[in-house]
Amino acid sequence: MLYKGDWLAYDANIASQSGIHSGVHVHNLVRIEQDGIAVPQVVGASPCQMRASAGTAIYTYGLALVTPIYKGKPQVGKVDREFLFIKPGTFVVFDRVQTIGAGTRRVWSLNLPATPAVSGDTVSLVRGANRLDVMRLAPGGLTTQLVPWSGSISAGVRMDVADNVGDTSLFLNVLGVDGSVVQVVRSDGPGQTGAQILMTGGVAATVRFNNAGSGGSLEIRNTAGALLSSGMLPTTVQPLPLFIN
């Protein structure tokens, strides 16, 4: 969920009458479907496992293993999400999702408070003085579908990108707030899916995620090309800084 000046991406419950919808469609995640029917997460199952987190002056990172919350559903092989926030306004989201069985597909979803503009693999939403750009780098060759909410959810649009090729999807999306991303290009490494990102002010980042296992590498340079951060993504849960007073 992203907020700057107004909601730019939110949970569809915000626009609902009850605020207690628990179906996967209302949340921003990769939805697993079999024959067009969403596989539900299970109340009371083992929770999502946070395997890594770190917060620095330059970036914040998290790795979540989501698979346990499906409680052994036979359609679900793996659901991992890695989240990188490069301050002050750039986000990288990488999802590894594996499904099992015929008729399954993986659907990357993001709920938006209004209808965005779609241009190829980029989705843009303007809310007053603020803007969100969602740039998909992987997988290629997919179509963005916009699904307006109605009924008990009175506003908003769900953005869906569905992949039914094979049994595994590696979704790589870069999100920029208020034009924070000047340019983004796919930049893979051996066994990795990645991106090179040029941000406003001249800061540049290269992030690559391991395709088979979790984690990856991150390099961030300032306008002069000097290293601000370089190395492997964190592999442990570190205390995050608290914002108080």
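Here are some notes on this predicted model, going from the overall fold to single residues.

1. Starting with the fold: the protein has 20 strands and zero helices. Its radius of gyration is 18 Å, close to the 18 Å that the globule rule gives for 245 residues, so the protein is as compact as a globular protein of that length. If you want the outer dimensions, the C-alpha trace spans about 50 × 45 × 40 Å along its principal axes.

2. On packing and surface, buried residues account for 46% of the 245 in the protein. Take the contacts between residues at least 6 apart in sequence: 53% of them join residues at least 24 apart. The exposed area comes to about 11,500 Å², with carbon and sulfur atoms supplying 56% of it. As for charge, there are 18 positive and 15 negative ones, and their mean positions are 3 Å apart.

3. Have a look at Asp 11, in the loop between strand E2 (7-9) and strand E3 (30-34). Asp 11 has 14% relative accessibility, so it counts as buried, the cut-off being under 20%. What does the side chain of Asp 11 make a polar contact with? The partner is the side chain of His 27, at 2.5 Å. His 27 also turns up among the residues in contact with Asp 11 once neighbours within four places are set aside, along with Met 1, Val 26 and Asn 28. Further along the chain, Pro 113 is 102 residues away from Asp 11, yet their C-alpha atoms are separated by 9.0 Å.

4. Ala 9 sits in strand E2, and at 2% relative accessibility Ala 9 is buried. Not counting residues up to four places away, Ala 9 touches Met 1 and Leu 2, then Leu 110, Asn 111, Leu 112 and Pro 113, and also Leu 132. That last residue is 123 places from Ala 9 along the chain, with 8.2 Å between the two C-alpha atoms.

5. Next, Arg 106 in strand E9 (residues 104-112). Is Arg 106 buried or exposed? Its relative accessible area is 0%, so Arg 106 is buried. Two polar contacts are worth checking on screen. One, of 3.0 Å, joins the side chains of Arg 106 and Thr 99. In the other, a polar atom of the Arg 106 side chain lies 3.2 Å from the backbone oxygen of Gly 166.

6. Ser 53 belongs to strand E5 (residues 49-55) and is buried, at 8% relative accessibility. Beyond its neighbours within four places in sequence, Ser 53 is in contact with Tyr 61 and Gly 62, and with Thr 236, Val 237, Gln 238 and Leu 240.

7. Now the cis peptide bonds. Lys 87 and Pro 88 are joined by one, with omega about 10°, and Pro 88 lies in the loop between strand E7 (76-86) and strand E8 (90-99). Another runs from Ala 138 to Pro 139, with omega near -10°; Pro 139 is in the loop between strand E12 (130-138) and strand E13 (144-148).

8. Finally, some backbone angles to inspect. Asp 35 has phi near 55°, a positive value in a residue other than glycine. Asp 35 is in the loop between E3 and strand E4 (37-38) and is exposed, with a relative accessible area of 63%. Asp 178 also has phi near 55°, and Asp 178 is in the loop between strand E15 (168-177) and strand E16 (181-186). With a relative accessible area of 30%, Asp 178 is partly exposed.

Notes:
Residues are numbered from 1 along each chain as its sequence is written. This is a predicted model: local features need pLDDT of at least 70, side-chain atom pairs count only at pLDDT 80 or more; totals for chains, interfaces and linings use all residues. Side-chain values use heavy atoms; hydrogens and water are left out. Helices (H or I, at least four residues) and strands (E, at least two) are DSSP runs, numbered from the N terminus. The radius of gyration is taken over C-alpha atoms; the globule rule is 2.2 Å times the number of residues to the power 0.38. Buried means under 20% relative accessible area, exposed over 50%, partly exposed in between (1.4 Å probe, protein chains only). Contact means heavy atoms within 4.5 Å. Accessible areas come from the Shrake-Rupley method with a 1.4 Å probe; for residues, only the protein chains shown count as cover. Lys and Arg count as positive and Asp and Glu as negative; His and the chain ends are not counted. The place of a charge is taken as NZ of Lys, CZ of Arg, CG of Asp or CD of Glu. A polar contact is a pair of N or O atoms within 3.5 Å; within protein, one must be able to donate a hydrogen and the other to accept it, and residues adjacent in sequence count only if both atoms are side-chain atoms.
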